Amino acid sequence: MCDDFTPEDFRNAEQRMAGLDRRGFAVLGVGAALAGCTASIAADGGSVTERMVSITTADGVCDAFFVHPGKGRHPGIVMWPDIAGLREAKKVMARSLAAQGYAVLVVNQYYRAGPAPVMKSFAEFRTPEGQAKIGPMRAQLTPEAITRDATAYVAFLDSQQAVDRKRRIGSNGYCMGGPFTVRTAAAVPARVGAAASLHGAGLVTDAPDSPHRLLPKTKAGYLFAIARNDDAKQPDQKVELRKAADAAKRPADVEVYAADHGWCVPDSPAYDPGEADRAWKAMLKLFATL
């Protein structure tokens, strides 16, 4: 996965993000330089409203980024970041989704250790210092902790004026956040109606509470977008996900994409505009069911 990237790959990814200030990014379309992570947003930022928020959980107070259309009520989305956490790249992606008509909450999954950004870019995770920093934070994200957090995040969305409670809530997650979307659907099955895992890790394990074993406890539809190099390492994952979804009678799109782990995220060295666009459209199709 990310171990395969060179320093030059990371430099290119950082340069790509550095060239996209908010105004420059806002005028891009889905088919432009960051296809799959962009949508039409007014260049002055007037079409969406955003702010940092604090959410009380059973374990403390989580800081999160909340962005939604400036007017009306919309389906809520819980976005789980990848291993590098809540940072500018995730805010960029959330603004795009909000511009499509969703109230998006990007959480700091590491809030127990401190406020975001834990890291400014994905490249920072690949340093020895970054991995040493993330290790203890990641260890705190047990299945039980994620379930408690997910319950609090859904409750937060349901308390917001911008969220339409007559429609269900969705969740999307990247890398380590992929399985968290399933746990979100299992935590509040009456409210969560869609979960999208983009190059998710750890979806099929031997654990009794492996995410794929939770599908019968949910009422959600799913997108499992799998990276080709993840599939090469765990070829049975797609088969087990398909079997689990069918057995649970849950609608699910299970597909291996022609891109490597991290392909949906603009500050990842694996970012692939064409395949990111395909995954973006598949996710929007899923969220249209909310």
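This report describes selected structural features of a predicted model.

## The N-terminal hairpin

Strand 1 (residues 48-57) and strand 2 (residues 60-69) run antiparallel and are joined by 10 bridges. The two strands form a hairpin, with 2 residues between them. Within this pairing, V53 of the hairpin stands opposite A64 in strand 2.

Strand 2 also spans the position of D63, a residue that comes within 9.9 Å of P117, C-alpha to C-alpha, although 54 residues separate the two in sequence. P117 itself is found in the loop between strand 4 (103-107) and helix 4 (122-125). With a relative accessible area of 46%, P117 counts as partly exposed because its value lies between the limits of 20% for buried and 50% for exposed residues.

## Aromatic pairs and a charge over a ring

A pair of aromatic rings is described by the distance of the centres and the angle of the planes. The structure holds 6 aromatic pairs. One of them is formed by W80 and F180, whose rings are edge-to-face, with 5.2 Å from centre to centre and 75° between the planes. This pair links distant parts of the chain: W80 belongs to strand 3 (residues 76-80) and F180 to helix 7 (residues 177-187), 100 residues apart. Both W80 and F180 are buried. Another of the pairs, Y222 with F224, is stacked, with 5.4 Å between the centres and 5° between the planes. Y222 and F224 are likewise buried.

W80 and F180 also belong to one aromatic cluster together with Y153. A further ring, that of Y174, has the charged end of K90 sitting over it, 3.8 Å from the ring centre.

## Helix 6

Helix 6 (residues 143-158) has 16 residues. From its first C-alpha to its last, helix 6 reaches 23 Å, close to the 22 Å expected at 1.5 Å a residue.

The buried residues in helix 6 include A145, I146, D149, A150, A152 and Y153. Towards the end of the listed range, V154, F156, L157 and D158 are buried as well. Y153, one of these buried residues, is the member of helix 6 that takes part in the aromatic cluster with W80 and F180. An α-helix has 3.6 residues a turn, so residues three or four places apart point the same way.

## S210 in its loop

S210 is found in the loop between strand 6 (192-198) and strand 7 (221-227). Is this loop residue buried or exposed? S210 is buried, because its relative accessible area of 1% is under the 20% limit.

The side chain of S210 reaches the backbone nitrogen of T205 at 2.9 Å. Leaving aside neighbours within four places in sequence, S210 is in contact with R183, L203, V204 and T205.

## Helix 10 and its surroundings

Helix 10 (residues 273-287) has 15 residues and reaches 21 Å from its first C-alpha to its last, close to the 21 Å expected at 1.5 Å a residue. D272 caps the N-terminal end of this helix, with a side-chain oxygen 3.2 Å from the backbone nitrogen of G274.

Among the buried residues of helix 10 are the acidic E275 and D277, as well as W280, M283 and F287. Also buried in helix 10 are A276, A279, A282, L284 and L286. The buried residues of this helix pack against strand 3, strand 6, strand 7 and strand 8 (252-257), and also against helix 3 (88-99) and strand 5 (169-174).

How values were computed: Residues numbered from 1 in each chain as written. Predicted model: local features only at pLDDT ≥ 70, side-chain atom pairs only at ≥ 80, totals over all residues. Heavy atoms only, no water. Pairing = 2+ DSSP bridges. Helix = DSSP H or I, 4+ residues; strand = E, 2+ residues; numbered from the N terminus. Phe/Tyr/Trp six-rings, centres within 6.5 Å; stacked < 30°, edge-to-face > 60°. Buried < 20%, exposed > 50% of the residue type's maximum accessible area, 1.4 Å probe, protein only. Lys NZ or Arg CZ within 6 Å of the ring centre and 35° of its normal. Expected span 1.5 Å × (residues − 1). Polar contact = N/O pair within 3.5 Å; in protein donor to acceptor, adjacent residues only side chain to side chain. Contact = heavy atoms within 4.5 Å.
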